[in-house]
Amino acid sequence: MSRARPPSRPLLAPMLGGLGLLAGMLLIAEGRRWLPPDPPPVTPAQDAGDLKPASQAPVQDTRPGEPARKIAEDLIAPPPLDPSGIERIEPRPPLGELGLAPRPKTPMPRDWRETLLFRPVATSSTVFEAMGRTVAISATVDIDPDRTCTFDNTAWPCGQRARAAFNAWLRGRALKCLLPPDADRFAIAAPCSLGKQDVGAWLVSNGWATAAPTGIYGKAEAVARESRMGIFGPPQ
C-alpha cells in the first residue's frame with residue numbers, strides 16, 4: 001500500500017485566501033447593522049434657508065487671551081416697557097443743607113487783597129470807617145440811622161439802635177476785608193470778617209441789616225424775621 005501524499009503548499013494559499021475573504025464579507029455585513037442611517041439627499045428644489053441646524057447650543061467666544069463665558073439673555077435683557085405708562089415726578093427736597101451744593105463765590109479781581117482795618121467805627125448799620133477808608137459790607141442793605149420802626153403799634157428808633165449794635169459788636173477790633181489797592185480814595189462795598197465770623201451774616205441774622213436782592217443772605221434774613229430779631233422785633 002502506498003501512503004497519501006500531503007497537499008502541496010501551492011494549494012493551501014488559495015484556500016486560506018478564500019477563507020479570509022469570506023470572513024471579511026461577514027464582518028462588513030454585520031457592521032452595517034450598527035451604523036446610523038444615511039441622511040436624506042438634498043434636492044435642488046430645497047432652499048438653503050430651509051435647512052435647520054441640528055443643535056441650538058450657544059456659541060462661546062474662544063478668542064485667545066479672553067476666557068470663554070456664556071450670556072443668559074433672558075436674565076440680562078431688560079423687560080419690555082410701555083413709555084406711555086411712565087410718569088415723571090418732581091425730585092424730592094434735600095434732607096438737609098449738607099446735601100446742597102455750596103454757593104459759587106463771586107470772582108474778585110486779582111489785585112484785591114485781604115487787608116486788616118484797625119479800630120473801625122460804624123457810621124450806620126452796615127458802613128464803617130477805619131484807617132481813612134469807608135467800607136460798606138457787601139450783599140447787605142443799610143438801615144438808615146434816622147429810620148423808625150413800629151412793633152405792636154409802638155415806634156422806636158431802629159436805625160440808631162442798629163448802628164449802636166454794630167459799634168458794640170466791633171468794640172474797636174480789627175476787621176479783615178478784601179479791598180483793592182486804592183480803596184482809600186473812595187467808598188467801596190467789600191466782604192469783611194471779624195475773626196472767623198462773616199460780618200454780613202452776623203448783621204442780617206441779628207436783624208440789624210437786610211439782605212440784598214441778589215446777595216447770599218436771603219435765608220439769614222428769613223430767620224431774623226421769623227425770630228423777630230433786631231428791627232423786626234420789639235423796641236430795644
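Before I show you anything, let me say what I mean by a helix, because the word will come up shortly: a helix here is a DSSP run of type H or I with at least four residues, and helices are numbered from the N terminus. With that in hand, please keep in mind throughout that what we are looking at is a predicted model.

I would like to begin with charged side chains. How many salt bridges does a search of the whole structure find? The search finds one. That salt bridge is formed by Arg225 with Glu221, and the closest N and O atoms of the two are 3.0 Å apart. If you look for the pair in the structure, you will find both Arg225 and Glu221 in helix α5, which covers residues 218–227, and there they sit four residues apart, about one turn of the helix.

Now, are these two partners buried or exposed? Arg225 has a relative accessible area of 47%, and because the range for partly exposed ends at 50%, Arg225 is partly exposed. Glu221, on the other hand, has a relative accessibility of 13%, which is under the 20% limit and therefore counts as buried.

Let me turn to the cysteines, where the count comes to two disulfides. One of them joins Cys149 to Cys158, with an S to S distance of 1.9 Å. The link of Cys149 and Cys158 is right-handed, with 70° about the S-S bond. As for their surroundings, Cys149 is buried with a relative accessible area of 5%, and Cys158 counts as buried at 0% relative accessibility.

The other disulfide joins Cys177 to Cys192, and here the S to S distance is 2.0 Å. This pair links distant parts of the chain, since Cys177 belongs to strand β8, residues 175–179, while Cys192 belongs to strand β10, residues 192–194, and the two cysteines are 15 residues apart. Which hand does this disulfide have? The torsion about the S-S bond of Cys177 and Cys192 is about 115°, so the disulfide is right-handed. Cys177 is buried, with a relative accessible area of 1%, and Cys192 also counts as buried, at 4% relative accessibility.

Finally, how do the disulfides pair up along the chain? If you count the bonded cysteines along the chain, the pattern is 1-2, 3-4.

To draw this together, we have one salt bridge, found by searching the whole structure, and two disulfides, and I would suggest that you look for each of these in turn in the model.

Note on methods. Residues numbered from 1 in each chain as written. Predicted model: local features only at pLDDT ≥ 70, side-chain atom pairs only at ≥ 80, totals over all residues. Heavy atoms only, no water. Salt bridge = Lys/Arg side-chain N within 4 Å of Asp/Glu carboxyl O. Buried < 20%, exposed > 50% of the residue type's maximum accessible area, 1.4 Å probe, protein only. Disulfide = S-S within 2.5 Å.
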